[in-house]
Structure formats: C-alpha cells, structure tokens
Amino acid sequence: MTTFLQACLDGLLIGALYALIGMGLALIFGVMRIVNFAHGAFLMLGMYASFLMFDRYQINPYYGFLPAGILLFIFGYLVYKLLIQPIRNRSEFMQILMTIGIDLILIDLAQLTFGADYHQANIDLVNRSLHAGPFTINAASLLSFGLAAVFIVGLQQFVMRSRPGQALRATAQNRDVAPLMGINVIRIQGLSFALGIAFAGIAGGLLLPALYLFPSVGEDYTLKAFVIVVLGGMGSIEGAAIGGLVLGVAESLTSTYIGNQWALAIDFVLFLLVLSLKPSGIFGRQRA
Amino acid sequence: MSGWRFWVLLGVACAVCCLPLLSNNNYLLQVLFRIALFGGLGLAWNLVGGYAGQLSLGHVAFFGMGAYGLAIFTAHHVPMWISLLLAALVSTLIGGVIGKIVFRLRGPYFTLATIAFAEVLRLGAANLQITGGAIGLSTPSLFTGEAFWKLFYLSAIVLAVLSFLANYWTSRSRFGYYLMAIREDEDTASAVGIDTANYKLRSLLISAYLTALAGAFYGSAFQFIVPDSVLTIDISVQIAIIAMLGGAGTLFGPIVGALLLVSASELFKNEFGERHLLIYGTLIVLVVLFLPEGIVGSLQQHVRRRRKPPASSAASALGRAEVQGVAEQ
C-alpha cells in the first residue's frame, strides 16, 4: 500500500508539470483550432534557455525558468506572426504540416547550435529529500510542483476572470462571431499562441533539473501533451490540468508495477483507449 | 493519357530506370535504390494521404512491421521469399485492425492516432525479446554477391512501378473518385451513399501492403534493423513530405518528390555536413507557405487554369463519383 501511495505521490508531482505543458497546448488548440506539433520543441528551447543561464551566469533554474518563459513568449509571438498567421485559414492538413516543419527546424537548429551532447544542470536541491512518515519526497520535485501549481491557477484565473481571457474564450467559442463583438481575433490568437508557448517554456525550465538535456528531448513531451489534452477533452484548459495529473499518476504506477520502459507506452495506450471509447475526453463535454 | 500510349510510356520509363544497371558504382546504386524505394513509399502513402486526404504519420508502422516480419519469420526457418510475402501480409492484416480504429477519427485526432500506433510498435520492438530489444535483429539478405545493389535497385523499381499502377488505377476508377469525394467533404460523401469507412480502409490496406514490402527490402538491404532505424517517426514524416512536396493526390508528385528530396539530402550531406538536417523542416515550411499543392499539383493547376475556367474540385469529385455510381447501377 505504501508503494502504491508513494507511486501516486510521485505521479502527482510530475503531473503538475505535465499539466502546464498540456494547458499550453489546450490553449492554442482551443483558440486557434491548430494542433501544435512543435510544442515539445518549444519546451526544449525553454530548457536550453534556462540551461544557458545556469551554465554561463550560474542562475538557478528555479529563477531561470521565468526569463525563459518570457523569452519563449516573445519567440512564440514571432513564430505566430511569421508562420502561423499566414496559414490560419488553410486546411487542417496544412496547419499540421506547418507545425511539424517548425518542430523539425527547431530541433535541427538546436542540434547545430548546441551539438548533440547531453547536458545537465546540477543543483544540490535535486539530491535532497524530505521524509514524511513512510513517504519520501524529492525537494526539487516538490518545489517544481509548487511553482507549477501557481502558474496553473494563474492561467486558469487569467482565462476565466480577465478581459483578455474573456476575449480568448469568446474566440474559442466562435471565431466568426467574436470579431462582431469587437474582438481583434488575430491579436487574440497571437496572444494565445505566445502564452501557450510560454507555458511550454516555463515547464521546460522547471523540468531542467530533473532531466538530461539534448535537442530532441521534447519529442516525447509533444506526444504526452496530446495525450493530456485528449484525456481532458480537446481545448478545455481545466481538463488539461486534470489530464496532466492523471497522466503523471498513470505513468508512475506503470513504472512501479510493470517497468520503467513501459511508462511511455501507457501514454499511447491511454490515448488510443480514450480516443476510441470517449473521444470527447474523460472530463470533456460532448462536442456539438 | 490513355490506352496503348500509357503502356508505351511506362515501358520507356522502365527502360530508362534500368540504365543505371550498367554502372558498377555501388554508391550511386545505393542512392538510386533509396530514391526508387522512397518514390514507391510516397506513392503508396499517396493512396491514403493524397487521394483519400487522410494525413497519416504512422506509415512507418507498416514499414517496420515488414522489416521485422522478414527478420523474424526467416529466423524461424521460413524460406526467405515466403517470409517476405508473409511479413507483408501480416502487416496488412494488422494495418486493417489499426485502420478500423483510427478511421473513426478525423483531422488532428486521426493523425495523432496514427503516430500513437507507430510509437507503440516502436516501444514494443525496443522492449520485447522476439524483436531483439534495442539491440535489434539481423535481417536475411534477399540478394547476395556482386550484383547486390543492382538487384536491390531493381526490386525497388519493381515496387515503385507496382505502387504507380495502384495510383494510376485509383486516379481513374470509381474507387478513386470515392476517395477524392471523401477527401473533399467526408460528410457529403457519406450523404450521397459512399461507405466512407470502408473505402478509406481499402485504400489503407493497399498502401500498407506496398509499404511493408518496401520496409522488408529496406531492412534486407541494410542487413540490420533496430527500432530507431525502421520504426522511427522520421520515416513517416519523410514519406509524407516526399508526397506533399511533389504534390499529394497527383500521379507523378511522389516520384518527383523522392527524386528531389533524397538526392538533395544526399548532396547536402556531402556539402554541408550536419546542416543537411535543416532541409526537411525548411522544405515543409516553404511548401506549406508557397506551394500548398506541391510541385506537380501547382503545375497541373497552372495548366488547367489556362485551359478552362476552374470548377470546384469538391463538386467535380462528387459529381464524378455520383455519375460512376449511377452507371454501375
């Protein structure tokens, strides 16, 4: 029983980071109806940004993730303006291809700039653990969890409470009527894309202490992000947050009871199960 | 192009393709083998991705199953050439099961599901005993001796011609018109009485069979397979780009795409070293921005525009499907 609870606990800790990644993707999908296949590549960029600050200027990744997120916000907005906006009315087929192209370019650029070597940000916190009764909690994971939670709640509040958030939701609901209500749809789409990318960057920065860094590190996370978003119901931001936690726990239980190498497989099994049994997502409402 | 003229042209094209057999340059033959193989793969993908308009990024699943099937069956003492056919057959059957599930989904869901299936297979191959895990398997050589690359090149050409014929038949049969109608508007297609799930599945089965054969030849030519060489998503992407660059849903597009992309990446590899990686992504972005119909597709559109006023392709594909359907009855 302790093993089971410990696995659930570890899953929840990593799940909060998954939630961040998934919420970014859900935001972009909800507002733009574009599935961002480059999501993991942006996450990778966030990791490199955070790593470079650590490596060159000894900035702790737990501060560095914030500038990394801001950089990614700006970069995401540029990518939207240059590459996404021109094709925003093209077929789904073309939009998917475009984000795949962006994904490949980012990974290959990272490979050319930083080389294929593995990097790691060594900070003390990663080796420290807290003990609570029979359970062990990694201090770094706990800190990541706390910071992630702040951003999850922040994004949720922003979308539900603020004026721009209202415009985001209006655009997501109906992008033909939204402009009639005086909403600048292009600006709102740019904002949601940049914000989604920034969240990928923040998640990258927070993941950095726990992972080895290499150019294609993000690929698995692109796929995870899809699984999370599908679990939570395409386009639902709260759904994605819950989906992230569910995925974290599912993975953790799989590695504990079946084996580490199957953790990624459970992602796809869950994904295919949800898609074939309840395509609107576990927590999603039936789509019209 | 119809009747005897088509077959004469095809014969001439085959004869031209046989010219490299006179050369003894193994490097050249190896590159040509890959061009022909990926041309065939692009054509096979074109049935699903081009005519039926279903963006599959999981075709590496069939490719890998073909390669692994060949290795596993021969390891269990099945004669080599029978293994080849068995591997393709099994891949097609599994493809049918996959198709049953993924074709219930549309758009991004469909694309994601195809990726997920391919990834599950890759993870399975990397972790199971029968596939040799991450160490991989050695594959039997279908050909040996001096003429190794010549014979492999020739088989790739045969495969490409088969795929081309499948495309040719699709482009002018009722089956193909149904697929195009599905591509243009699936709901309308189903409303006029086309069994959309059934036709999409059929196109996938043909495509999977050809893709698996190509995978088996690829595995055999390079003699050794690991999950990251024959089950990586990169191959799925490469196949799709080849077809899209040339023009998805056109007869000659995938051939043009393979010629350009494989030779370009080979040239860049020698010229720019590591930087050749960038061309795939850059090409995709450029094609999407400036050549959404692909090279052949854009040329065709240009020619068509000069000949007659454009008709809505959706309406015409549906119209043709309907006329054919009525004629059948």
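The following exchange between a trainee and a mentor concerns a predicted model with chains A and B.

Trainee: Which conventions and confidence limits apply to this model?

Mentor: Residues are numbered from 1 along each chain as its sequence is written, and chains are lettered from A and ligands numbered from 1 in the order in which they are written. The model is predicted, and while totals for chains, interfaces and linings use all residues, side-chain atom pairs count only at pLDDT 80 or more and local features need pLDDT of at least 70.

Trainee: In what order do the elements of chain A run from the N terminus?

Mentor: Helices (H or I, at least four residues) and strands (E, at least two) are DSSP runs, numbered from the N terminus. Chain A has ten helices and two strands. Their order from the N terminus is α-α-α-α-β-β-α-α-α-α-α-α.

Trainee: What radius of gyration does chain A have, against the value for a compact globule?

Mentor: The radius is taken over C-alpha atoms, and the globule rule is 2.2 Å times the number of residues to the power 0.38. The C-alpha atoms of chain A fill a box of roughly 60 × 45 × 35 Å along the principal axes. For 288 residues a compact globule would have a radius near 19 Å, and chain A agrees, with 19 Å.

Trainee: Which element of chain A gives the most to the largest nonpolar core?

Mentor: Such a core is a set of buried Ala, Val, Leu, Ile, Met, Phe, Trp, Tyr and Cys residues joined through C-beta atoms within 7 Å; buried means that 20 or more other C-beta atoms lie within 10 Å of the residue's own, with C-beta atoms placed from the backbone. The largest core has 203 residues, and A:Leu20, A:Ile21 and A:Met23 have the most contacts inside it. With 16 residues, the element that gives the most to this core is helix 1 (residues 2–32) of chain A.

Trainee: At what angle do helix 3 and helix 7 of chain A pack?

Mentor: Axes are lines fitted to C-alpha atoms over the stretch in contact, and angles run from 0 to 180 degrees between N-to-C directions. The axes of helix 3 (residues 61–84) and helix 7 (residues 185–207) of chain A are 7 Å apart, and the angle is about 145°.

Trainee: Is B:His59 buried or exposed?

Mentor: B:His59 lies in the loop between helix 2 (26–51) and helix 3 (60–75) of chain B. Beyond its neighbours within four places in sequence, B:His59 is in contact (C-beta atoms, placed from the backbone, within 7 Å) with B:Trp45, B:Thr211, B:Ser236 and B:Ile239. The C-alpha atom of B:His59 is also separated by 8.6 Å from that of B:Ile233, 174 residues away along the chain. Because it has 30 C-beta neighbours inside 10 Å, B:His59 counts as buried.

Trainee: What share of the residues of chain B counts as buried?

Mentor: Chain B has 15 helices and two strands. Its radius of gyration is 20 Å, close to the 20 Å of the globule rule for 329 residues, so chain B is as compact as a globular protein of that length. Of these 329 residues, the buried share is 51%.

Trainee: Which helix of chain B gives the most to the side that touches chain A?

Mentor: In this interface, 31 residues of chain B are in contact with 31 residues of chain A. Helix 5 (107–127), helix 11 (233–246) and helix 13 (278–290) of chain B each supply at least two residues of that side of chain B. With twelve residues, the helix that gives the most is helix 5 of chain B.

Terms used
Contact = placed C-beta atoms within 7 Å. Buried ≥ 20, exposed ≤ 12 C-beta atoms within 10 Å, placed from the backbone.
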